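Biologist: Hello! Could you teach me how to read a pocket and an interface in a model like this one?

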Amino acid sequence: MSDLPYSKDILRLAAESVGAGRLTPPCETGSEFNPACGDRSIVDLRIENGRIAAVAHETKACVLAQASASILGSALPGRRVDDLAKLKSDVLAMLKGGSPPQGPFERYAHFKDVAQHPGRHTCVLLPIEAALKAASQAREPRS
Amino acid sequence: MMAQAKPRTAAFDPPRKDFPILERRVHGRPLVYLDSAASAQKPLAVLEAMEAFATGEYANVHRGVHFLSGAATQAYEAARERVAAFLNARSAEEIVFTKGGTEAINLVSYSYLSQRIAAGDEIVLTVMEHHSNIVPWHFLRERQGAVLKWVDVAADGSLDAEAVDASIGPRTKLVAVTHMSNVLGTITPLKAIVAAAHAKGVPVLADGCQGAVHEVVDVQDLDVDFYAVTGHKLYGPTGIGALYAKRAHLMAMRPFNGGGEMIQEVTRDLVTYADPPARFEAGTPPIIEAVGLTAALDYLSSFDREAVKAHEADLLAYAREALREFNWLHVIGDAPGKGAILSFECEGMHAHDVATILDLEGVAVRAGHHCAQPLMERFGVASTTRASFALYNTREDVDTLIRGLAKARKILG
């Protein structure tokens, strides 16, 4: 029997919605759309010297995606841009039954029960993918 | 909480024993399958027919001279006859097998309309179409400059035939309309739409993927030019669908896919094509699936279809009444005479979250945009939760749904 992936921690994270809003330019922006449900997460990153100085997100989505975005809102400032790729692979590994991420992203452990709901994995990943797209913009030369 | 019991409106006993999957448990609870609009479960009659054919009669069809090839060809062509009878086509030659409803509509887009449409010509469609009846026309917009003219639905989800008529102009080359909305359950006034379009010399394609399941379809009476169906929603297998098309249209259409079976003659310098329907069935077709489809249509037709319809309407009304107690839940689509599909949004709760909680109660519903994003935009929502009813569902299934929704509200509300 599967466990309900809506713990009090998840619901609280979604309600807190840390980092909700948009940054004032200059910043990098990434947007990710879930074609299965129409949800969208837009993540703004201000990147300075390879580190994320500020983050904001606009996440019109389910509880799981909102909680995931909220973790990014609190944990990303001060992290290296390269940490995002590792975060994605760590979260993916956890959703396939592995250990949760450690360190600043340890609160992704709250999503461990989502592993039993394959159709919801993309919900957790939605804001991470948006953040990765924003980070990739930083590598593109500005026109 | 239980819905207030009203007398059942139809003396129909849901044939649950015919569907072995309904006996299974999900997350430790009895399965309540309310996702038949996405794909219906398969009765034993279908499964057994396919197994018997695969283990006793299977071979490739057409052009074979051995016994099994003859038997398989006979079964395959009998399936065509069965579909023709189910839709009341004039003959089996008006039935083209496809891999589903989507391919049937794409076939019309490529083989019929792309030859007849120029930049600025129009295709009329409604905002409640499934993407399968939108994207093939977008192809013609992108590639040939066709213009898509959208017909809105009313606030209750109903479609006015006069609104469709008003959208048909001198440059309209096709009206593409669903027979029954996969989101709202709206049954469209198809016969009136066809009459209005024909009065202006415009052919009509109907997406019958839902309509053929819940309505008794008579393509001759409707006078519709094209009617697309899919097997897996008709209690049949996946991988097979059919396009009904008037013979004159089929004869004038160019091939879609090239390969075996669809040719008359191939030389180094020349290829000529078989007559329809073979012209549109390149390659080895879905043979076992065709046998399954025959069994499915036999199965569905073995019931009094009006009684089935009344049963499904009873489930819809029962659910609709129960949901009135939830002032945080808003049903989208309340057109008079609608089919047994119930879409709704819950205040403060995302459809996927609601569906996940229902799933843990054993209730299978669909959540999302249901491949109908223009309709979601029309109603100002990103997604809905959808419960869809079939002949095997019961009022007890509805009760479980209602309990699950109350639980979802408690957790997420």
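Modeller: Gladly, and keep in mind that this model is predicted. Let's begin with the largest pocket: in chain B, α3 (101-112), α12, β15 (363-364) and β16 each give its lining at least two residues.

Biologist: Which element gives the most to that lining?

Modeller: That is α12(B), with 4 residues. The lining has 41 residues, and those nearest the pocket's centre are B:Asp35, B:Ala38, B:Arg366, B:Ala367 and B:Arg386. Sorted by class, the lining holds 17 polar, 15 nonpolar and 9 charged residues.

Biologist: What is the volume of the largest pocket?

Modeller: About 950 Å³.

Biologist: Now the interface. How do I read its size?

Modeller: People often give the size of an interface as the accessible area lost when the parts come together. Here, chain A and chain B bury about 1,400 Å² between them, with 62% of it on carbon and sulfur atoms. Of the area that chain B buries against chain A, 31% comes from B:His352, B:Asp353 and B:Leu360, more than from any other three residues.

Biologist: How many salt bridges does the rule find across the interface of chain B and chain A?

Modeller: It finds 1. B:Asp353 pairs with A:Arg120, and their closest N and O atoms are 2.8 Å apart. The rule also finds 7 residue pairs in polar contact across this interface.

Biologist: And which element gives the largest share of chain B's side?

Modeller: α12(B) again, with 6 residues on the side that touches chain A. That side of chain B divides into 8 polar, 6 nonpolar and 3 charged residues.

Notes:
Residues numbered from 1 in each chain as written. Chains lettered and ligands numbered in written order. Predicted model: local features only at pLDDT ≥ 70, side-chain atom pairs only at ≥ 80, totals over all residues. Heavy atoms only, no water. Buried area = accessible area lost by both parts, 1.4 Å probe. Salt bridge = Lys/Arg side-chain N within 4 Å of Asp/Glu carboxyl O. Polar contact = N/O pair within 3.5 Å; in protein donor to acceptor, adjacent residues only side chain to side chain. Nonpolar A, V, L, I, M, F, W, Y, C, P; charged D, E, K, R; others polar. 1 Å grid on protein atoms, 1.4 Å probe; cavity = no way out; pocket = protein on both sides within 12 Å on 5 of 7 lines; lining within 4 Å. Points joined across faces, edges and corners; volume = space filled by probe spheres on them.
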